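Work through these exercises on aromatic rings and nonpolar packing. Try each task before you read its solution.

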Amino acid sequence: MAITVALLVAGIATTALLSRPKPIAVVVTDLQPGRVEATVSNTRAGSVTACRRAKLAPPAGGRIGTLAVKKGQRVKAGQLLLELWNDDFVARERVAREQLQSARASARQACTVADTAAANARRAQQLRDQGFLSPEGIQRSQSEAQSSAAACSAATAQIAEADARIGASRADTERTVLRAPFDGIVAELNGEVGEYLTPSPPGIPTLPAVDLIDDSCLYVSAPIDEVDAARLKLGMSARITLDAFRDRHFNGTVKRIAPYVLALEKQARTAEVEVHFTDTADAQALLIGYSADVDIIVTAHDRVLRVPTAAVMPGNRVLVLGSDGVLKEVTFTPGLSNWEFTEVASGLAKGDRVVTSLDRAGVKAGAKAEVEVAKK
């Protein structure tokens with residue numbers, strides 16, 4: 001009889017043990033001190049932009065005679081990019097130079113005659129003083145000297161006129177020549193030798209002949225919501241992330257905050273913010289137009305207890321795995337917060353095991369749980 005009772009009790013205990021629900025495997029993080037930042041992020045993707053970018057075209061229209069660069073070529077300031085057919089302007093400038101030489105020769109001749117006439121007038125005056133020359137003779141020599149001097153002045157003025165004509169011809173020629181305004185890289189060329197270039201009419205933009213980019217200085221231009229923009233100041237530190245370099249963060253500094261808010265249709269009102277790369281070497285491997293995001297650090301607290309923001313439930317509640325293997329709900333007082341971490345002002349302690357896998361079935365207060373073992 002005793003054996004039967006013992007077997008019955010053992011069977012009941014075994015059944016109860018087997019029917020007991022298995023503990024839920026959860027992912028936890030041990031709370032430790034660290035850095036928590038209050039940040040402001042862009043509402044839409046920003047883009048990597050060059051500090052200087054010029055879309056160039058000659059001020060005059062005409063047929064392309066010389067295309068001195070290729071797409072992707074690096075150029076120096078003042079280097080020739082393209083030149084329109086300008087043989088007529090060059091010929092006019094050559095004529096103007098020849099006219100200048102002729103004017104100089106005529107001026108030398110006229111002024112030599114004037115010098116001779118002036119010398120003759122002085123000698124005539126001396127002869128008049130000695131009584132060897134009549135008043136009519138002295139008057140005639142003085143008139144000749146004055147006339148020669150006027151001719152010299154007129155010829156000299158023609159030199160200045162010829163020189164100005166050369167300047168005008170050179171200006172016409174320069175209107176057909178396009179040079180690089182700064183060091184950079186040719187991003188785009190729109191035209192080939194023999195094609196006709198037409199300058200943009202006022203208010204009607206057309207494709208530039210040459211798109212020149214100074215890629216030695218890059219920054220990120222990003223839209224910030226109007227509510228967050230009021231918290232920003234020049235000089236704030238920022239982190240830049242690029243889709244092309246997902247595993248890297250670039251340090252940056254806020255250099256400009258637009259003094260106005262953009263109100264685009266069907267989009268939130270935003271202010272444009274420029275974040276420059278702190279280390280210019282970081283930007284050397286980047287391409288203009290890369291999509292980019294910025295996290296601007298408004299304020300930060302170091303060495304404070306922090307909890308992953310993903311583990312925080314509405315009402316500032318978290319699930320903590322106790323030493324007895326039971327999940328319990330704890331309400332805490334938060335401090336600074338961002339998408340990654342939330343500062344714990346009170347309510348939690350260092351070493352508390354906070355559950356981060358809240359999306360798993362059965363994860364709730366009072367449930368039995370165990371720490372999930374990472375698979376090797």
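**Exercise 1.** Which residues form one aromatic cluster?

Solution. The model is predicted, so local features need pLDDT of at least 70, side-chain atom pairs count only at pLDDT 80 or more, and totals for chains, interfaces and linings use all residues. Residues are numbered from 1 along each chain as its sequence is written, and side-chain values use heavy atoms, without hydrogens and water.

Step 1: apply the pair rule. Rings of Phe, Tyr and Trp (its six-membered ring) pair if their centres lie within 6.5 Å; planes under 30 degrees apart are stacked, over 60 edge-to-face, the rest tilted. The count is three aromatic pairs.

Step 2: take Phe245 and Phe250. Their pair is edge-to-face, with 6.1 Å between centres and 85 degrees between planes.

Step 3: take Phe250 and Phe277. This pair is also edge-to-face, at 5.9 Å and 85 degrees. Phe250 sits in strand E13 (residues 245–257) and Phe277 in strand E14 (residues 270–277), 27 residues apart; strands are DSSP runs (E, at least two residues), numbered from the N terminus.

Result: Phe245, Phe250, Phe277 and Tyr290 form the cluster.

**Exercise 2.** Is Phe250 buried or exposed?

Solution. Buried means under 20% relative accessible area, exposed over 50%, partly exposed in between (1.4 Å probe, protein chains only). Phe250 has 0%, so Phe250 is buried. Phe277 is buried as well.

**Exercise 3.** Which residues have the most contacts inside the largest nonpolar core?

Solution. Such a core joins buried Ala, Val, Leu, Ile, Met, Phe, Trp, Tyr and Cys residues through side-chain atoms within 4.5 Å. The largest has 25 residues; Val220, Ile240, Phe277 and Ile296 have the most contacts inside it. Strand E11 (210–225) is one of the contributing elements. E11 gives the most, with five residues.

Note on methods
Helices (H or I, at least four residues) and strands (E, at least two) are DSSP runs, numbered from the N terminus.
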